[in-house]
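Subject: Structure for you to look at

Hi,

Here is the structure I promised to pass on. Please open it in your viewer and keep it beside this note while you read.

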Amino acid sequence: MTAPSGTVSGSHPLDSLSGDEIRRAADALRASGQLDGHARIIHVVLDEPDKESVKAYRPGTPVDRQARVLAVPGASLDLLEAVVSVTTGEVRSVRTIEGMRPALTFGESLDAILKLPKHPEWQAALRRRGIEDPARVQIDPWPAGSFGLDLEDGRRISRCIAYLRESPTDNGYARPIEGLIAFFDGGAGEVIEVQDYGEVPLPPERGSYLPADVGAMRDDLRPLDIVQPDGPSFVVERNLVRWQRWSFRVGFDPYEGLILHTIGYEDAGRVRPILHRASISEMVVPYGDPGQMHGWKNAFDAGEWGLGRMANSLSLGCDCLGVIHYFDVVLANEQGEPYTIANAICMHEEDYGILWKHHDMHGDTNEVRRSRRLVVSFIATVGNYDYGFYWYFYLDGNIQLEIKLTGIVSTMAIEPGTTPTFANVIAPGLAAPHHQHLFNARLDFDVDGTTNTVCQVEAERVPTGSENPLGNAFRQKVTVLATESDAQRETNAASSRHWRIVNPERLNRLGSPIGYKLVPTMSTPTLLAQPEASVAQRASFAQHNLWVTPYAQDERHAAGEYPNQHAGGDGLPRWTAANRPIAERDVVVWYSFGVTHFVRPEDWPVMPVEYTGFLVSPFGFFDRNPALDVPPPHTEHCE
Ligand code: CU
């Protein structure tokens, strides 16, 4: 968020870094002599204060704000991480992280895109395919994965794949240059190897989705305007949002994108905490085609690219409709200079049908209330795909995350007339490999306090007998998840399985611990790759839908801090190996969810939105329906 520059004493500890603070942090690190001229800065982010400091903060108290600066000193694999006080300019700590790679850098990726067209083997491979002009070729550097190859060793590499574009606005993914991969060493700035697995004819169609190419447009869609003559019902102070009974702080991270801090609901004059912090901690897109050209593809779009770094500037009336509040975000470039993504986060209210209703035929009353939700969203474009992340807050205490998957599918050229086993044909000579989009949400629950217990709840059928003479009975089975290994769970739609996070220290008027439940709203897969596969080692978080850990400030990313080219085992599997107790303490819930994508012809040439997500819903948190006080709609038709 753009904070007024130089404000320190007025800052909240969770305010995002201002441009000034970013510059101050990078300058302080440079002045300390820790970075030489070859160093690239990977990120400058807020060093988020611990939970106790956030809770202890009172407005007006001076805050010592710290930034974390990550840099690559040069071509080697060591990373340097410094914590700098942006309040005093003091470098508080510096550590070297050995043998780790940062997320792919823009500078190194651009270097690959500029150098590869000049490489003689690359040019020769293009000529074998009838492509004389390398400038017409779109190059997509991909995270290379970790496969124990000699050429991965000790280097920051990307695998570059290519597409033909007859004109600059062509849809490159319509014409994949099959069989051709180049390995690029980002640190050394050189092409290491060009691999050619043989030519496949270029698919014939252009696959354009631009208005000029799709023919006549529909002419019978009349305007649909959202009008709020008195303005929206939310209030924004810097990064603090209040809407209805809700309050939270908006944050942003280069990898996770949107972060929601200190989500609470005001009830009888007291803000009751629900989530201390919520974000997407990681995601992975593993491909299911075993071939040389596609089998290595498993991009970690958060940790290897950065959902926040790929955030779009959103436009009114296009990306978002209604009375919008935008938040700008400020990130650091590779020189440690701030840059702004204007309108990166969109916030507005939406009508959402009915909230509750009853038509009482005996008393002849008809009470109905409109549901309304507050939407906080951003959209990240990661190469071919576009992901919209939408957090919804509802009047009845529900919170929902919905992810909208759109953009262009990753494609492969096929011999005309063949039917691939691990891909679906989507256009003549063009197929899309089967793949998954698997996300992990890190949900630091503080349900009315930090003493929380997570239970698994599901329906249990009862055998017909003396307890169940009619055979109709089923009961609610509640299982306390006592340790980290207990809490590694999968969804089960048939038993309505979900998880309830309760606070045993706070009882509702019925004497039950208050709680919130985490509900899989759509069927969701786990990782389909074999357990020994490289991607399974690296994306272990996706082997279970649910994980629960005791709160630890430095456990933030489900696949570890540095997943790029990492061999695996970091993050959730490493932390939970200790099998720590998780009942009746401060817990973090990690929910892995997503879709398995068997691509349809209708997903081409651009994919209509597909949805995934989850719901967080009160369960005995309130004593009754908390939305009884929502007034009837202001319209005479409802009388
Ligand atoms: Cu997909």
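Contact here means heavy atoms within 4.5 Å. With that in mind, what covers the buried residues of α4? The cover includes β5, β6, β7 and β8 (190–196). Before going further, please remember that this is a predicted model.

**Two helices, each with a buried face**

Staying with helix α4 (residues 120–128), the buried residues are Trp122, Ala125 and Leu126. Looking down the axis of α4, these buried residues fall within an arc of 100 degrees, so they line one face of the helix. There is some general background to this: an α-helix has 3.6 residues a turn, so residues three or four places apart point the same way. After α4 comes Gly130, with a positive phi near 80 degrees.

Helix α3 (residues 106–115) can be read in a similar manner. Its buried residues are Glu108, Ser109, Asp111 and Ala112. Viewed down the axis of α3, they fall within an arc of 155 degrees, so they too line one face of their helix. Among the elements that cover the buried residues of α3 are β1 (40–46), β5 (137–143), β6 (157–164), β7 (180–185) and α5 (301–305). You will notice that β5, β6 and β7 appear in the cover of α3 and in that of α4.

**The copper site**

This is probably the part you will want to inspect in your viewer. Which atoms coordinate the copper ion? They are Tyr385 (OH), His435 (NE2), His437 (NE2) and His597 (ND1), at 2.0 to 2.1 Å. Along the chain, these donors follow the spacing Y-x49-H-x1-H-x159-H. His435 lies in strand β23 (residues 435–445) and His597 in strand β29 (residues 587–597), so this pair ties together parts that are 162 residues apart in sequence.

As for the geometry, the four donor atoms subtend angles of 92 to 136 degrees around the copper ion, which makes the arrangement irregular. The cut-off matters in this case: four donors count as tetrahedral if all angles lie between 85 and 135 degrees. For reference, the ideal angle for four tetrahedral donors is 109.5 degrees.

Are His435 and His597 buried or exposed? His435 is buried, at a relative accessible area of 2%, and His597 is buried with a value of 2% as well.

**The open sheet**

Next, the sheet. Here 10 strands form an open sheet with antiparallel pairing, in the order β15-β16-β17-β18-β19-β30-β27-β26-β24-β25. At its edges are β15 (325–332) and β25 (474–480), each of which pairs on one side only. From one strand to the next, the twist averages 25 degrees.

Towards the β15 end of that order, helix α1 (residues 19–31) lies across β15 and β16, and runs at about 10 degrees to β15. Strand β16 (residues 338–360) is joined to strand β17 (residues 365–382) by 12 bridges, and the two run antiparallel. One bridge pairs Ile354 with Arg370 of β17.

Further along the sheet is strand β27 (residues 513–520), which is mostly covered, with six of its eight residues buried. Six bridges link β27 to strand β26 (residues 498–507) in an antiparallel arrangement. The two strands form a hairpin with five residues between them, and Gly511 in the turn has a positive phi of about 85 degrees. β27 also pairs with β30, again antiparallel, over five bridges. Tyr516 is a handy residue to follow here: Tyr516 in β27 is the bridge partner of Ile501, and in β30 the bridge partner of Tyr516 is Pro618.

**Backbone details to check**

A few backbone angles deserve a look:

- Trp604 and Pro605 are joined by a cis peptide bond, with omega about 0 degrees. Pro605 sits in the loop between β29 and β30 (607–619).
- Asn579 has a positive phi of about 50 degrees although it is not a glycine. Asn579 is in the loop between α7 (572–576) and β29, and is partly exposed, with a relative accessible area of 31%.
- Glu584, another residue other than glycine, has a positive phi near 50 degrees. Glu584 is also in the loop between α7 and β29, and counts as exposed at 54% relative accessibility.

Happy viewing, and do write back with any questions.

Best wishes

Technical notes
Residues are numbered from 1 along each chain as its sequence is written. This is a predicted model: local features need pLDDT of at least 70, side-chain atom pairs count only at pLDDT 80 or more; totals for chains, interfaces and linings use all residues. Side-chain values use heavy atoms; hydrogens and water are left out. Buried means under 20% relative accessible area, exposed over 50%, partly exposed in between (1.4 Å probe, protein chains only). Helices (H or I, at least four residues) and strands (E, at least two) are DSSP runs, numbered from the N terminus. The arc is that of the directions from the helix axis to the C-beta atoms. Donors are N, O and S atoms within 2.8 Å of the metal (3.2 Å for Na, K and Ca); water is not among the atoms, so sites may look incomplete. Four donors count as tetrahedral if all angles lie between 85 and 135 degrees; four count as square planar and six as octahedral if opposite donors are over 155 degrees apart and all others between 65 and 115; anything else is irregular. Two strands pair if DSSP finds at least two bridges between them. Axes are lines fitted to C-alpha atoms, for helices over the stretch in contact, and angles run from 0 to 180 degrees between N-to-C directions.
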